[in-house]
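Colleague: Hello! I am new to reading protein models, and I would like to learn how to do it. Could you walk me through this one?

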Amino acid sequence: MKAFFACLLFYCSACIPVLAQVAEASCDTLALRLHFCQGCADIDTAIAGNSEAMGRLGAVLDSPQDIVAVSVRGSASPEGNTDKNDTLSAMRAAVLSGLFEPAKVKSVEALGTNWTMLRREIEKCDTKWKGAALATIINTPEWVVKDGRVVDSRKLRLKKLRKGEAWEYMLDHIFPSLRFAECTIVAKAAKPLPAEAESLRRLPDSREDSGEKEVGEMTVYTGPAEAHVRPDKAAEQPEPIVAGGCGVKLAIKTNMLYDAALIPNLGLELEFARNYSASVNWMYAWWSKNASHRFWRVYGGDIEFRRWWHTPPHGRYCNQFTGHHVGLYGQMLTYDVEFGNRGYQGGRWSYAAGLSYGYSLSLSRYFNIDFTIGIGYLWGEYKKYRVEDDCYVWGSTNNRRWIGPTKAEISLVYVIGGKSLRKGGAL
């Protein structure tokens with residue numbers, strides 16, 4: 001009997017490590033991170049890295065491995081207010097978790113405004129304001145409330161740091177990396193994982209640790225790192241993304257009011273700086289019907305510079321050319337229009353300049369509709385004439401001076417390359 005137990009003990013001591021190695025070899029932990037446009041919670045493959053990441057995720061889901069558990073987290077950058085960022089990060093996490101079977105998703109977490117990751121990214125910077133920014137994040141509460149109202153905040157101090165230099169740098173180089181949703185997949189593999197899955201192994205944690213404790217109004221993470229992190233992949237970095245989200249900068253448009261008046265027109269709008277764009281529009285029509293003395297000739301154009309205030313998306317899509325805008329414009333045109341036997345001819349150029357206001361509404365991934373009205377000053381010379389016996393008889397030459405509406409648009413806008421949003425709303 002003693003010999004039997006000795007053999008059994010020897011057998012177990014020899015087999016258990018082998019079984020453990022087999023179990024370890026048949027399981028793996030994978031991770032995936034998707035980035036989002038500012039204010040958006042929809043997966044956009046136009047963002048650098050997302051298309052490849054989605055392809056790799058598809059390879060993992062299609063491979064013959066049994067997914068045991070999935071944990072998902074969503075994150076937001078600091079531009080929006082706290083409540084909106086909490087909602088947005090939850091939406092991003094929900095979009096990613098929706099790619100898996102509900103029974104496999106064990107946890108979904110909304111990180112809200114990711115101050116901890118921002119702090120870590122600033123620590124990597126080599127800037128003059130680095131120390132001051134870190135001190136602000138560490139020592140300033142997210143919101144400072146006095147007598148029931150907010151009198152100061154961490155974000156406000158960061159915005160004022162070095163007259164906005166630090167905030168502009170973070171907008172371009174740091175905040176895009178904070179807009180993400182990531183998942184950790186624990187799976188049993190029936191055979192070795194596909195090659196595409198190797199680069200999906202655990203990405204660096206967006207938080208420094210797994211536990212939480214509150215210090216004032218700041219969130220500081222303490223405790224051991226999360227489980228399932230492979231030591232050989234722990235230092236791997238996420239793929240870089242293009243600062244500011246997508247690179248959409250150009251749109252083509254036509255004013256449907258002019259189209260309805262049988263005046264073909266076309267415009268181009270270019271974003272040349274953050275929240276600023278320039279547009280050029282041109283129209284041309286030359287219609288006539290001599291038998292009834294009808295004449296319809298109009299051509300000219302305008303140039304406009306706009307300042308945008310983007311709003312959070314109410315639909316699925318958003319881009320640089322969505323939201324409220326004000327502008328400064330200049331116009332020039334010439335015309336010859338005849339109604340019945342009377343006509344008006346602007347033989348020389350007429351000019352106008354003024355201020356505009358408008359709102360551009362997103363219709364779909366590639367199309368917007370833009371409503372614009374402009375108030376300005378118009379001046380120029382025109383002639384009155386009448387038609388007698390197929391001859392055009394001059395009547396008088398007049399000067400036109402007008403202060404009032406000189407610009408009106410209901411334009412259909414096509415956004416080159418699809419949608420993105422670079423500023424405004426919760427991030």
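Modeller: Gladly! Let us begin with a contact: the side chains of Thr-406 and Tyr-329 are joined by a polar contact of 2.5 Å. Please keep in mind that this is a predicted model.

Colleague: Where does Thr-406 sit, and is Thr-406 buried or exposed?

Modeller: Thr-406 belongs to strand β16. Its relative accessibility is 15%, so Thr-406 counts as buried; the cut-off for that word is under 20%.

Colleague: Which residue has a polar contact with the side chain of Asp-370?

Modeller: The partner is His-325, and the contact between the two side chains is 3.0 Å. Asp-370 lies in strand β15, which covers residues 367-388. With a relative accessible area of 2%, Asp-370 is buried.

Colleague: Now for empty space. How do I look for a pocket?

Modeller: The general idea is friendly enough: rolling a probe the size of a water molecule over the atoms shows where empty space is left. In this model, the largest pocket holds about 770 Å³ of space. Its lining is made by 31 residues, and those nearest its centre are Tyr-258, Met-283, Leu-333, Leu-378 and Thr-406. You have met Thr-406 already, as the contact partner of Tyr-329.

Colleague: Which elements give two or more residues to that lining?

Modeller: They are β9 (250-255), β11 (276-289), β12 (294-309), β13 (323-339), β14 (342-362) and β16 (391-415). Strand β16 gives the most, with 8 residues. Sorted by class, the lining of the largest pocket has 16 nonpolar, 10 polar and 5 charged residues.

Colleague: How many cavities of 30 Å³ or more are there?

Modeller: The count comes to 2. A cavity differs from a pocket in that the probe fits inside but cannot get out. The largest cavity has about 50 Å³ of space. Among the residues lining the largest cavity are Pro-78, Asn-81, Trp-115, Glu-142 and Lys-155. Its lining divides into 3 nonpolar, 5 polar and 2 charged residues.

Colleague: Trp-115 is in that list. Which helix holds Trp-115, and how many of the helix's residues are buried?

Modeller: Trp-115 is in α4, where the buried residues also include Met-117, Leu-118, Arg-120 and Ile-122. Helix α4 (residues 115-123) is mostly covered, with 7 of its 9 residues buried.

Colleague: How should I read a helix that has a buried face?

Modeller: Start with the geometry: an α-helix has 3.6 residues a turn, so residues three or four places apart point the same way. Now take helix α2, residues 50-62. Its buried residues are Asn-50, Ala-53, Arg-56, Leu-57 and Val-60. Viewed down the axis of α2, these buried residues fall within an arc of 125 degrees, so they line one face of the helix. As for its length, α2 has 13 residues and reaches 18 Å from first C-alpha to last, close to the 18 Å expected.

Colleague: Which residues are buried in α5?

Modeller: In α5, residues 130-139, the buried ones are Ala-133, Leu-134, Thr-136 and Ile-137. Down the axis of α5 they fall within an arc of 160 degrees, so here too they line one face of the helix.

Colleague: What about residues that are far apart in the sequence?

Modeller: Helix α3 has two good cases. Ala-93 is in α3, and with a relative accessible area of 0% Ala-93 is buried. Ala-93 and Ala-41 are 52 residues apart in sequence, yet 8.6 Å apart in space, C-alpha to C-alpha. Val-95 is also found in α3, which runs over residues 82-97. At 28% relative accessibility, Val-95 counts as partly exposed. Its C-alpha is separated by 8.4 Å from that of Ala-181, 86 residues away along the chain.

Colleague: Last topic: how do I read a phi angle?

Modeller: As a general guide, most residues other than glycine have a negative phi. Asp-147 has a positive value, near 55 degrees. Asp-147 is in the loop between β4 (143-146) and β5 (149-153), and at 74% relative accessibility Asp-147 counts as exposed. Leu-262 has a positive phi as well, near 60 degrees.

Colleague: Where is Leu-262, and is Leu-262 buried or exposed?

Modeller: Leu-262 lies in the loop between α9 (256-260) and β10 (265-273). Its relative accessibility is 56%, so Leu-262 counts as exposed.

Key
Residues are numbered from 1 along each chain as its sequence is written. This is a predicted model: local features need pLDDT of at least 70, side-chain atom pairs count only at pLDDT 80 or more; totals for chains, interfaces and linings use all residues. Side-chain values use heavy atoms; hydrogens and water are left out. Helices (H or I, at least four residues) and strands (E, at least two) are DSSP runs, numbered from the N terminus. The expected span of a helix is 1.5 Å times one less than its number of residues. Buried means under 20% relative accessible area, exposed over 50%, partly exposed in between (1.4 Å probe, protein chains only). The arc is that of the directions from the helix axis to the C-beta atoms. On a 1 Å grid over the protein atoms alone, a cavity is a set of points where a 1.4 Å probe fits but cannot get out, and a pocket is an open set with protein on both sides within 12 Å along at least five of seven lines; lining residues have an atom within 4 Å of a point. Grid points are joined across faces, edges and corners, and a volume is the space filled by probe spheres set on the points. Ala, Val, Leu, Ile, Met, Phe, Trp, Tyr, Cys and Pro count as nonpolar, Asp, Glu, Lys and Arg as charged, and the others, Gly among them, as polar. A polar contact is a pair of N or O atoms within 3.5 Å; within protein, one must be able to donate a hydrogen and the other to accept it, and residues adjacent in sequence count only if both atoms are side-chain atoms.
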